[in-house]
Amino acid sequence: MNKILTIENLKVSFPTEDGLVKAVDSLNLDLHEGETVAIVGESGSGKTVTSLSVMGLHNPRSTQISGSIRVKDGSETIDVVSGNPTKVRLLRGRVVSMIFQDPMSSLHPFYRIGDQLTEAYLVHNPGKKKEAKLRALELLDRVGIPDSKKRIDEYPHQFSGGQRQRVAIARALAMQPDILICDEPVASLDVSIQAQIINLFLDLKKNLNLTMLFISHDLGVVRHISDRIAVMYLG
């Protein structure tokens, strides 16, 4: 399998009034095409900080970050840590996409679902509104949202927790990314809904050949979905 993500000696620290907080300390991790690697660890071990680092979402003015995060983009390899900021920004959504833990806070309450689903597509394909809406409808159908033509014009509060997470998954898949980062995507859901979402991930992985970095603190969840497990402790 081809290596699609390589993290080497990643260190992420946050300066505070009480000194430097080392959130991630010398992390090394590889991810290959088509596999699911789970990162497990207790709260505060550095899992989410790692995922945000891969997305290039840390504020450089308040974060000290070193090491390398190399992402394969076609024939080119881009280092998220030291690479050109414009190239790193263009990776998001198109090459690397992320599903956050709480679907209610990751979906904007004032915007219709359709607008949020088409946003990433239109960033990378300006002006193609018709194609973006068709893609959004296709994704809603794929993640199991019934009556998609009606529901695409509804707001997040009109969806249940499980349905909101399905919408968040659809949004992350809008540009058919090479890597999907899932940051505790079922932690805030009821156990019965968790099983439905995990089965959805397994179905998407099989049909779309997804490459996933799956973050969780629940070994019972990751045993069903991961090919390899990496354990984080104190960064």
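Which helices are included in what covers the buried residues of α5? Among them are α4 (113-124), α6 (148-151) and α7 (161-172). Keep in mind that this is a predicted model. Here's a quick tour of helix α5, then of an open sheet built from four strands.

**Helix α5**

- The helix covers residues 129-142, so 14 residues in total, by the run that defines it.
- From first C-alpha to last, α5 reaches 20 Å, which is close to the 20 Å you'd expect at 1.5 Å a residue.
- Its buried residues are A132, R135, A136, L137, L139 and L140.
- As background, an α-helix has 3.6 residues a turn, so residues three or four places apart point the same way.
- After α5 comes G144, and the phi of G144 is positive, near 85 degrees.

**The sheet**

- Reading across, the strand order is β2-β1-β4-β5, and the pairing is antiparallel.
- The edges belong to β2 (19-32) and β5 (76-79); each has a single partner strand, so one side of each has no neighbour in the sheet.
- Going from one strand to the next, the twist averages 15 degrees.
- Strand β1 (residues 3-16) and β2 run antiparallel, with eleven bridges joining them.
- One bridge to look up links T16 to its partner G19, which sits in β2.

**A helix on the sheet**

- Helix α1 (residues 47-55) packs on the sheet, where it touches β1, β2 and β4 (64-73).
- The direction of α1 makes about 115 degrees with that of β1.

Conventions
Residues are numbered from 1 along each chain as its sequence is written. This is a predicted model: local features need pLDDT of at least 70, side-chain atom pairs count only at pLDDT 80 or more; totals for chains, interfaces and linings use all residues. Side-chain values use heavy atoms; hydrogens and water are left out. Helices (H or I, at least four residues) and strands (E, at least two) are DSSP runs, numbered from the N terminus. The expected span of a helix is 1.5 Å times one less than its number of residues. Buried means under 20% relative accessible area, exposed over 50%, partly exposed in between (1.4 Å probe, protein chains only). Contact means heavy atoms within 4.5 Å. Two strands pair if DSSP finds at least two bridges between them. Axes are lines fitted to C-alpha atoms, for helices over the stretch in contact, and angles run from 0 to 180 degrees between N-to-C directions.
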